Amino acid sequence: MKTIILSTLLGLSATCLAAGAQTLPQDKTVDVAAHSLRIDVPAQPRYMPREDFQKFAGAYDLSNGDTLQLRRAGGIMYARIGNQPEHRIVATSRNAFVALDRQLKVRIDHHDDGSVGGELVMVVPARQLADGSAQGEHLATLGFPGR
């Protein structure tokens with residue numbers, strides 16, 4: 001009998017709490033922004049000296065099996081994914097870059113143990129799928145697999 005009464009009271013309490021949470025006035029709620037994928041070019045790119053860029057220059061394996069390559073020619077920095085065309089990039093922070101054509105952005109994290117992490121956001125062009133349907137242009141996120 002005590003168990004029935006206790007479970008009934010607990011059920012009523014949970015129901016009251018749920019109902020109360022649903023009826024809060026608008027000024028008592030908090031909006032939480034979702035993570036959005038965007039590629040924005042800063043109004044003022046960050047200056048990155050040649051010696052600072054050198055630690056990022058090279059090839060990086062991506063989680064989809066492709067390779068990201070970063071290089072510098074003179075004062076201009078470039079990024080290339082696989083065999084795709086190169087994109088001119090600018091620094092947005094001490095370890096992040098964005099393509100001026102808004103086709104990709106990348107963050108590269110060099111860890112103390114020598115491993116590399118980070119994230120690449122890129123525009124995937126529209127394409128025709130094997131089943132005949134079309135997939136529109138969209139943004140995709142790729143990681144750097146751990147070593």
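I'll start with Asp40, which is partly exposed, with a relative accessible area of 43%. Its partner is Arg38, also partly exposed, at 46% relative accessibility. The two side chains, Asp40 and Arg38, meet in a salt bridge with an N to O distance of 3.0 Å. Before going on, note that this is a predicted model.

How many salt bridges are there by this rule? The count comes to five. The general background is brief: side chains of opposite charge can pair when their charged atoms come close. I'll go through two more of the pairs.

Take Glu86 and Arg71. They form a salt bridge, and the closest N and O atoms are 2.6 Å apart. This pair links distant parts of the chain, 15 residues apart. Glu86 sits in the loop between strand S3, residues 76-81, and strand S4, residues 87-93. Arg71 is in strand S2, residues 67-73. On accessibility, Glu86 has a relative accessible area of 29%, so it counts as partly exposed. Arg71 comes out at 37%, and is partly exposed too.

Next, Glu119 and Arg107. Their side chains meet in a salt bridge at 3.9 Å, N to O. That value falls within the 4 Å cut-off, so the pair is counted. Glu119 lies in strand S7, residues 116-124, and Arg107 in strand S6, residues 104-110, so the contact ties together parts that are twelve residues apart in sequence. Glu119 is partly exposed at 25% relative accessibility. Arg107 is partly exposed at 33%.

Some of these bridges share partners. Which residues do they join into one network? Arg71, Arg80 and Glu86. So Glu86 and Arg71, the pair from a moment ago, belong to that network.

Now a backbone item. Most residues other than glycine have a negative phi. Arg102 is not a glycine, yet its phi is positive, about 60°. Where is Arg102 placed? In the loop between strand S5, residues 96-99, and strand S6. Its relative accessibility is 46%, which means that Arg102 counts as partly exposed.

On to the rings. The structure holds three aromatic pairs. One of them is Phe53 with Phe97, in an edge-to-face arrangement: 5.7 Å centre to centre, with 90° between the planes. Phe53 lies in helix H2, residues 50-54, and Phe97 in strand S5, so this contact ties together parts that are 44 residues apart in sequence. Are these two residues buried or exposed? Phe53 is buried, and Phe97 is buried as well.

Tyr60 and Phe144 make up another edge-to-face pair, with centres 5.7 Å apart and planes at 80°. Tyr60 lies in strand S1, residues 58-61, while Phe144 is in the segment after strand S10, residues 138-143, so the pair ties together parts that are 84 residues apart in sequence. Tyr60 has a relative accessible area of 5% and is buried. Phe144, at 10%, is buried too.

As with the charged residues, there is a grouping to report. Ring pairs link Phe53, Phe56 and Phe97 into a cluster.

To recap the two groups: salt bridges that share partners join Arg71, Arg80 and Glu86, and ring pairs link Phe53, Phe56 and Phe97. That is what I have for today.

Key
Residues numbered from 1 in each chain as written. Predicted model: local features only at pLDDT ≥ 70, side-chain atom pairs only at ≥ 80, totals over all residues. Heavy atoms only, no water. Buried < 20%, exposed > 50% of the residue type's maximum accessible area, 1.4 Å probe, protein only. Helix = DSSP H or I, 4+ residues; strand = E, 2+ residues; numbered from the N terminus. Phe/Tyr/Trp six-rings, centres within 6.5 Å; stacked < 30°, edge-to-face > 60°.
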